[in-house]
Amino acid sequence: AAEAVETLDGWYCLHDLRTIDWTSWKMVSDEERKSAVDEFKDLLTKWESVEADENGSHVLYKVVGQKADLMFMFLRPTMNELTDMETEFNKSKFAEFLKPAYSYVSVVELSKYGPQRPADDPRTLERLHPILPKWEHMCFYPMDKRRQGEENWYSLDFKERAKLLYEHSKTGRKYAGEVKQVITGSFGFDDWEWGVTLFAHDVLQLKKIVYEMRFDEVSAKYGEFGEFFVGNHLPKEDVSPYLSV
Ligand code: 76R
């Protein structure tokens with residue numbers, strides 16, 4: 001049998017996508033809406049302090065299109081802290097106006113294919129516990145590696161997989177500074193094998209990297225993709241105008 005690769009695993013990750021029920025949001029009084037928004041902003045402030053203490057990280061994006069309206073990505077040191085945070089949010093007033101659109105559970109993952117820095121190198125630790133960038137655009141999609149007939153990633157030997165991922169990383173590095181990627185593993189946690197989260201200043205770079213990678217052998221032969229979500233950054237100071245009706 002082919003040999004599994006070892007991974008380094010970091011913070012636990014929840015992608016939480018919600019649709020706003022604008023009809024019921026419009027029906028409540030100005031005071032009720034204001035207190036819901038204030039409470040939501042207080043939660044964002046609380047999560048910011050978790051991030052400042054480097055005990056996790058989060059981002060909030062406005063999804064373009066009908067798949068959802070809001071896309072949160074949360075990172076926490078444990079799965080329990082993720083549920084605690086999710087439950088606290090679900091109990092808030094604002095959450096009463098949100099409908100679930102999609103969610104994805106995973107853990108920040110680095111695989112030990114290529115030459116590596118030691119696991120305790122500060123740069124490795126920083127990649128396992130990333131403070132997420134607040135860049136203008138974000139894209140998220142889950143993916144699998146194919147297991148079909150001749151095209152079975154899981155029966156390729158280690159060396160072959162390492163070679164294909166090395167080629168893949170060369171494409172990735174062309175986008176240094178333009179695209180930031182966070183790869184999260186979700187074996188045993190969710191319906192796909194990895195979550196891919198990309199951040200960009202220029203939204204077109206998201207299309208370009210995903211397109212270019214389709215031609216890398218690892219994606220061309222072995223990539224299977226789930227739903228794609230793309231969004232624009234929603235900073236805390238824009239939450240009130242965004243929610244005003
Ligand atoms: O971790 C590293 O930087 C080492 C090289 C590397 C690995 C091992 C790397 C680099 N990736 C690795 C593993 Mn990646 N990555 C994706 C996608 O849409 C698609 O076709 C694929 C989605 C993107 C856009 C992307 C970007 N990568 C992986 C794995 C796990 C494979 C396994 O373990 O079997 C997946 C699923 C995956 C998918 N990758 C990079 C990038 C970029 C931009 C880089 C360069 C990072 C840098 O060096 O700065």
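Is aspartate 38 buried, partly exposed or exposed, and what is its relative accessible area? In this predicted model, aspartate 38 is partly exposed, with a relative accessible area of 31%. This value lies between the limits of 20% and 50% that separate buried from exposed residues, and the residue is therefore classed as partly exposed. The side chain of aspartate 38 meets that of lysine 34 in a salt bridge, with an N to O distance of 2.7 Å. Both residues belong to helix 2, which spans residues 30-52, and because they are four residues apart, about one helical turn separates them. Lysine 34 counts as exposed, at 53% relative accessibility.

The salt bridge between lysine 34 and aspartate 38 is part of a wider set, as the structure holds 17 salt bridges. In general, side chains of opposite charge can pair when their charged atoms come close. Helix 2 also contributes glutamate 51 to a pair that links distant parts of the chain. The partner, lysine 134, is placed in the loop between helix 4 (122-128) and strand 5, and the two residues are 83 residues apart. The closest N and O atoms of glutamate 51 and lysine 134 are 2.9 Å apart. Glutamate 51 is buried, its relative accessible area being 14%, whereas lysine 134 is partly exposed, with a value of 34%.

A further salt bridge joins lysine 174 to glutamate 212, with 2.3 Å between the closest N and O atoms. Lysine 174 is found in the loop between helix 5 and strand 8, and glutamate 212 in helix 6, so the pair ties together parts that are 38 residues apart in sequence. With a relative accessible area of 57%, lysine 174 is exposed; glutamate 212, at 25%, is partly exposed. In addition, a network of salt bridges links Glu32, Lys93 and Glu96.

The surroundings of the ligand were examined next. The shell around the ligand comprises 21 residues, of which Arg127, Tyr141, His168, Arg173 and Ser219 come nearest. By class, twelve of the shell residues are nonpolar, six are polar and three are charged. Several side chains place polar atoms close to the ligand in specific pairs. For tyrosine 141, an N or O atom of the side chain is 2.5 Å from an oxygen atom of the ligand. For serine 111, the corresponding distance from a side-chain N or O atom to a ligand oxygen is 3.4 Å. Glutamine 181 has a polar side-chain atom that lies 3.3 Å from a nitrogen atom of the ligand. Two or more residues of the shell are given by each of strand 5 (137-145), helix 5 (158-173), strand 8 (179-185), strand 9 (194-200) and helix 6 (204-214). Among these elements, helix 5 gives the most, with five residues.

A nonpolar patch on the surface is formed by Val64, Val203, Leu204 and Val230, which together have about 290 Å² of accessible area. Within this patch, valine 203 is placed in the loop between strand 9 and helix 6. Valine 203 is partly exposed, with a relative accessible area of 38%. As patch membership requires over 30% relative accessible area, the 38% of valine 203 meets this cut-off.

Methods:
Residues are numbered from 1 along each chain as its sequence is written. This is a predicted model: local features need pLDDT of at least 70, side-chain atom pairs count only at pLDDT 80 or more; totals for chains, interfaces and linings use all residues. Side-chain values use heavy atoms; hydrogens and water are left out. A residue is near a molecule or strand if one of its heavy atoms lies within 4 Å of it. A polar contact is a pair of N or O atoms within 3.5 Å; within protein, one must be able to donate a hydrogen and the other to accept it, and residues adjacent in sequence count only if both atoms are side-chain atoms. Ala, Val, Leu, Ile, Met, Phe, Trp, Tyr, Cys and Pro count as nonpolar, Asp, Glu, Lys and Arg as charged, and the others, Gly among them, as polar. Patches are made of residues with over 30% relative accessible area and no salt bridge: like charges are joined within 9 Å, nonpolar side chains (Val, Leu, Ile, Met, Phe, Trp, Tyr) within 5 Å. Accessible areas come from the Shrake-Rupley method with a 1.4 Å probe; for residues, only the protein chains shown count as cover. A salt bridge is a side-chain nitrogen of Lys or Arg within 4 Å of a carboxyl oxygen of Asp or Glu. Buried means under 20% relative accessible area, exposed over 50%, partly exposed in between (1.4 Å probe, protein chains only).
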